[in-house]
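Here is a predicted model. Let us ask what justifies the terms used for it.

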Amino acid sequence: MTGMTTKLQDLVEPVVEGLGYELWGMEFSRGGKQSTLQIFIEHADGVGIDDCEKVSRQVSSVFEVEDPITGEYRLEVSSPGIDRNLYKLEHYVRYQGERAVLRLRFPFEGRRKFSGTLSGVENDDVVIHVDDHEFLLPFEMIERANLVVSL
């Protein structure tokens with residue numbers, strides 16, 4: 001997580017939790033004239049458009065006062081979806097037994113992409129079974145991970 005994302009998370013998380021939602025994750029990207037902040041929220045009863053609007057209004061109010069993003073930006077609030085990205089170690093524990101794709105920042109044993117079944121977490125390593133092999137991948141090396149939905 002970048003310094004900017006950490007700063008934004010420190011502002012956003014209390015707002016989201018105060019409204020009764022879980023902050024699943026955030027992504028901040030700068031691009032040209034406009035930056036984008038994506039906020040993913042979760043709730044036991046699911047997340048609808050009204051939930052996203054409520055969070056968006058509250059976060060916007062906080063940002064008007066705190067002004068954490070210089071220049072123009074777009075704020076997007078949504079549910080993480082069924083093929084959700086995994087942002088925290090707890091997510092890997094929660095979805096143990098599910099299929100996922102992990103992409104690493106740097107090659108590990110000659111590869112950057114691992115597609116298999118999540119087996120949980122050992123210390124700060126994510127455990128994934130790929131074919132007949134078990135890999136312990138350091139959490140800090142994971143660039144992106146998401147669930148794979150079987151329909």
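Q: What makes the pairing of the E27 and R144 side chains a polar contact?
A: The two side chains are joined at 3.3 Å. The cut-off is 3.5 Å between N or O atoms, one able to donate a hydrogen and the other to accept it. The pair is within that limit, so the term applies.

Q: Which other side chain makes a polar contact with the side chain of E27?
A: That of N85, at 3.1 Å. E27 itself lies in strand β1.

Q: Which residues is E27 in contact with, leaving aside its neighbours within four places in sequence?
A: T36, L37, Q38, F40, N85, Y87 and R144. Contact here means heavy atoms within 4.5 Å.

Q: How do you know that the span of helix α1 is close to the expected one?
A: Helix α1 covers residues 3-18, which is 16 residues. The expected span is 1.5 Å times one less than that number, therefore 22 Å. The helix reaches 23 Å from its first C-alpha to its last.

Q: Where does α1 bend?
A: At V12, by about 30°. A proline, P14, follows within four residues.

Q: Why are M4, L8 and V12 of α1 called buried?
A: Because buried means under 20% relative accessible area, and these residues are among those of α1 that qualify. The buried residues of α1 pack against β1, β2 and α2.

Q: Which residues have the most contacts inside the largest nonpolar core?
A: L86, Y92, L102 and L118, in a core of 20 residues. Apart from it lies another core, of 19 residues, among them M4 and L23.

Notes: Residues are numbered from 1 along each chain as its sequence is written. This is a predicted model: local features need pLDDT of at least 70, side-chain atom pairs count only at pLDDT 80 or more; totals for chains, interfaces and linings use all residues. Side-chain values use heavy atoms; hydrogens and water are left out. Helices (H or I, at least four residues) and strands (E, at least two) are DSSP runs, numbered from the N terminus. The bend at a residue is the angle between axes fitted to the seven residues ending there and the seven starting there. Buried means under 20% relative accessible area, exposed over 50%, partly exposed in between (1.4 Å probe, protein chains only). A nonpolar core is a set of buried Ala, Val, Leu, Ile, Met, Phe, Trp, Tyr and Cys residues joined through side-chain atoms within 4.5 Å.
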